[in-house]
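Here is a short tour of a two-chain model, written to be read with the viewer open. Please load the structure and follow along.

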Amino acid sequence: METILLTEDDVALRAQLRFALEERYEVLEAGDVRKAINLLGKHEVTLAVLDLGLPPHENTPDEGLRLLHYILENFGIKVIILTGQKTESAALEAIKSGAFDYLVKPASIEQVLFSIDRAILFRDTERKLEEQGLAKITFGIEVGKGLQPAREEAEKNIILKVLKDTNFNVYKSAKLLGVKRESVYYFIKKFGFRREDIDDNA
Amino acid sequence: MITLRLIQSMYMLVIVSGLMVLVILLYLRYLTNRAFKVQLKMVEANSECNYDIGLFLPRVRELVKKAEIDDVFYDITYGEKVLSKPGPGHRRVITRKVTRPDYSIGLGIVTVSPRGYQRYIYMIIFETLFLLIEMDLLMKIKVANDALYNFSRLQTFLLHDVKNVTQFIKGLLYNIARIGGADREHRFVEYLRESAPALSVRTDKILATLEMGSEKEGDEGEIEKVDVLATIRELFELYGMNGQASGEGSVFVNRHKLVTVFDNIIKNMHEKSMNEPELECHASVREEGETVTTVIYDTGSPIKDMDRMFEPFFTTKKSGLGIGLFQAKHVVKKFGGNMTVANTDRGVEFTVTLMKGAPPAVIVPDQTL
């Protein structure tokens with residue numbers, strides 16, 4: 001059964017969301033960032049539904065975005081934002097950071113469930129593709145700046161992913177990438193990759 | 001003889017010259033006094049017009065006439081408003097135009113004789129008038145900007161709560177239609193029971209915010225006996241505060257309003273505890289004669305801007321609205337009580353003193369009919 005972390009500061013709303021979700025999923029509840037981080041450390045969470053306006057700053061998306069970054073950097077799970085923060089900048093920041101979906105309150109429960117189903121489907125498909133050696137790598141780039149920065153960013157992300165997957169084994173990485181070991185060393189130096197950074201993020 | 005005659009004629013000349021200087025000095029004094037009087041009248045008129053240039057400018061013409069200024073013309077723009085009175089195309093004018101991002105002022109006066117000392121008098125009056133107009137405009141723009149800013153903050157604050165309530169209702173409607181078996185039904189009721197206090201506090205807060213400043217005298221809403229200690233304990237539980245509440249005391253007030261008062265205090269402490277996880281929050285309630293005094297204190301860091309704590313729209317939080325404590329004090333005062341805050345040795349301490357009050361009069365139906 002999927003375990004969903006539901007982070008929402010409104011107790012009444014959280015209870016209704018929980019009731020709607022708990023028939024199909026195991027639901028963990030948090031009312032603030034601290035509790036959410038605590039639960040993430042103790043349980044195997046597979047997906048998160050997250051409000052951005054969390055205490056002590058309920059009227060800004062800062063706390064929610066902070067938690068979003070933490071989840072994506074440390075757990076790499078799909079995160080669905082369900083928030084009253086309708087500002088374009090908050091949505092942009094969340095999507096840019098890697099949130100799977102951005103739902104604006106009041107959203108229908110069907111919408112929330114549909115988004116969760118899609119997130120699970122995407123995650124499972126990505127896993128299958130990874131098993132086949134096809135990894136989905138996302139990166140942000142300004143289209144107007146031409147091909148060179150996009151190429152470099154793609155290169156950087158692919159090499160970083162392979163290094164992570166091989167636990168920084170240069171020989172295996174070179175084999176997977178189909179390049180010489182010297183080239184892998186060159187990229188490690190060029191992009192400033194360090195084993196400890198990769199280990200920390202893993 | 002000739003010398004004597006010369007001295008006699010010089011003597012007369014000195015006397016005449018002295019008299020002339022005296023007359024000139026008196027005339028200058030008259031001109032200066034007249035200018036000062038006109039200045040004073042303009043300042044007074046501006047104040048009487050409540051610093052509204054739309055009302056002030058039509059009165060200026062009559063005032064400056066006393067200082068031999070024939071006319072005043074202007075072209076003032078601020079926001080979407082334009083105030084304009086075209087100039088006469090006269091040669092004897094003093095004019096100035098200033099354009100700033102939020103407004104522009106074009107001002108001119110038509111003088112009778114712009115020469116010599118009189119010109120300085122005109123300039124003094126002109127500068128005063130220009131200053132008054134610019135001050136009125138700046139004041140108007142600042143008040144409008146502040147009001148818009150505070151309105152938008154208030155809207156953000158209310159939107160957050162209203163969106164959550166609406167989302168709650170959407171969830172409720174969805175769940176009601178899908179409750180299923182007895183076990184789910186039981187859990188649904190249990191969740192609703194858990195949610196009720198939070199929902200009640202939230203809706204009370206929305207109402208209190210919307211009603212703030214529009215309450216009518218004598219319209220206190222439904223009066224009932226409220227157990228102060230129980231109210232505080234409920235809020236401690238709602239916010240998951242570490243701490244104890246003790247004592248006893250009840251007051252006859254509007255329950256929703258009283259909940260808003262304590263909610264604003266305890267919520268502040270709860271938010272503070274996010275950055276100070278060791279913070280505890282304690283409360284004591286005691287009855288003294290006709291009053292009930294509640295002391296709520298936290299064990300956290302002191303407040304820096306203590307003097308401004310109850311000032312509307314003042315906040316130390318990045319996302320705060322700054323009306324919570326203002327609203328709390330406002331309600332307590334309406335109850336005929338008092339609310340204070342202080343940094344003490346043990347932490348930040350709020351003291352709320354309320355009159356015990358009396359139960360509302362029961363209307364007995366007339367049995368004679």
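The report below goes from the whole model to its chains, their contact, a few helices and some backbone details.

**Ground rules.** This is a predicted model, in which local features need pLDDT of at least 70 and side-chain atom pairs count only at pLDDT 80 or more, while totals for chains, interfaces and linings use all residues. Residues are numbered from 1 along each chain as its sequence is written, and chains are lettered from A and ligands numbered from 1 in the order in which they are written.

**Confidence.** The predictor assigns the complex an ipTM of 0.73 and a pTM of 0.66. For chain B, the mean pLDDT (the predictor's confidence in each residue, from 0 to 100) is 86, and 94% of the residues reach 70 or more. Where pLDDT is low, the predicted coordinates should not be read in detail.

**The two chains.** Helices (H or I, at least four residues) and strands (E, at least two) are DSSP runs, numbered from the N terminus. Chain A has nine helices and five strands, and its elements run β-α-β-α-β-α-β-α-β-α-α-α-α-α from the N terminus on. Chain B has seven helices and 11 strands.

A residue is called buried if 20 or more other C-beta atoms lie within 10 Å of its own, exposed if 12 or fewer, and partly exposed in between, with C-beta atoms placed from the backbone. By that count, 33% of the 202 residues in chain A are buried, and 29% of the 369 residues of chain B. Two residues are in contact if their C-beta atoms, placed from the backbone, lie within 7 Å. Among contacts in chain A with a separation of 6 or more, 48% are between residues 24 or more positions apart; in chain B, 65% of the contacts between residues at least 6 apart in sequence join residues at least 24 apart.

**Where the chains meet.** The contact draws 26 residues from chain B and 23 residues from chain A. On the chain B side, α3 (116-176), α4 (182-211) and α6 (255-275) each supply at least two residues, and α3(B) gives the largest share, 14 residues. Sorted by class, that side has 10 nonpolar, nine polar and seven charged residues. Here Ala, Val, Leu, Ile, Met, Phe, Trp, Tyr, Cys and Pro count as nonpolar, Asp, Glu, Lys and Arg as charged, and the others, Gly among them, as polar.

**Three helices of chain B.** The expected span of a helix is 1.5 Å times one less than its number of residues. For each helix below, the distance between its end C-alpha atoms agrees with that span.

| Helix | Residues | Expected span | End C-alpha distance |
|---|---|---|---|
| α4(B) | 30 residues | 44 Å | 41 Å |
| α5(B) | 12 residues | 16 Å | 17 Å |
| α6(B) | 21 residues | 30 Å | 31 Å |

α4(B) bends by about 40° at B:Ser195, and B:Pro197, a proline, follows within four residues. The bend is the angle between axes fitted to the seven residues ending at a residue and the seven starting there. Among the buried residues of α4(B) are B:Tyr191, B:Ser195, B:Arg202 and B:Lys205. Their cover includes α1 (11-21) of chain A as well as α3, α5 (228-239), α6 and α7 (324-334) of chain B.

The buried residues of α5(B) include B:Leu235, B:Phe236 and B:Tyr239. After α5(B) comes B:Gly240, whose phi is positive, near 60°. In α6(B), 15 of the 21 residues are buried, so this helix is largely enclosed by the rest of the structure.

**Nonpolar cores.** A nonpolar core is a set of buried Ala, Val, Leu, Ile, Met, Phe, Trp, Tyr and Cys residues joined through C-beta atoms within 7 Å. The largest one has 78 residues, and A:Leu50, A:Val79 and B:Ile266 touch the most other members. Leaving out residues up to four places away in sequence, B:Ile266 touches B:Leu235, B:Phe236, B:Tyr239, B:Met241, B:Cys281 and B:Ile296. Another core, of 26 residues, lies apart from it and includes B:Val38 and B:Tyr122.

**Backbone details.** Most residues other than glycine have a negative phi, and most peptide bonds are trans. A cis peptide bond joins A:Pro55 and A:Pro56, with omega about 10°; A:Pro56 sits in the loop between β3 (47-50) and α3 (62-74) of chain A. Another cis bond joins A:Lys105 and A:Pro106, with omega about -5°. In chain B, B:Asn50 has a positive phi near 60° and counts as exposed, because it has 9 C-beta neighbours inside 10 Å.
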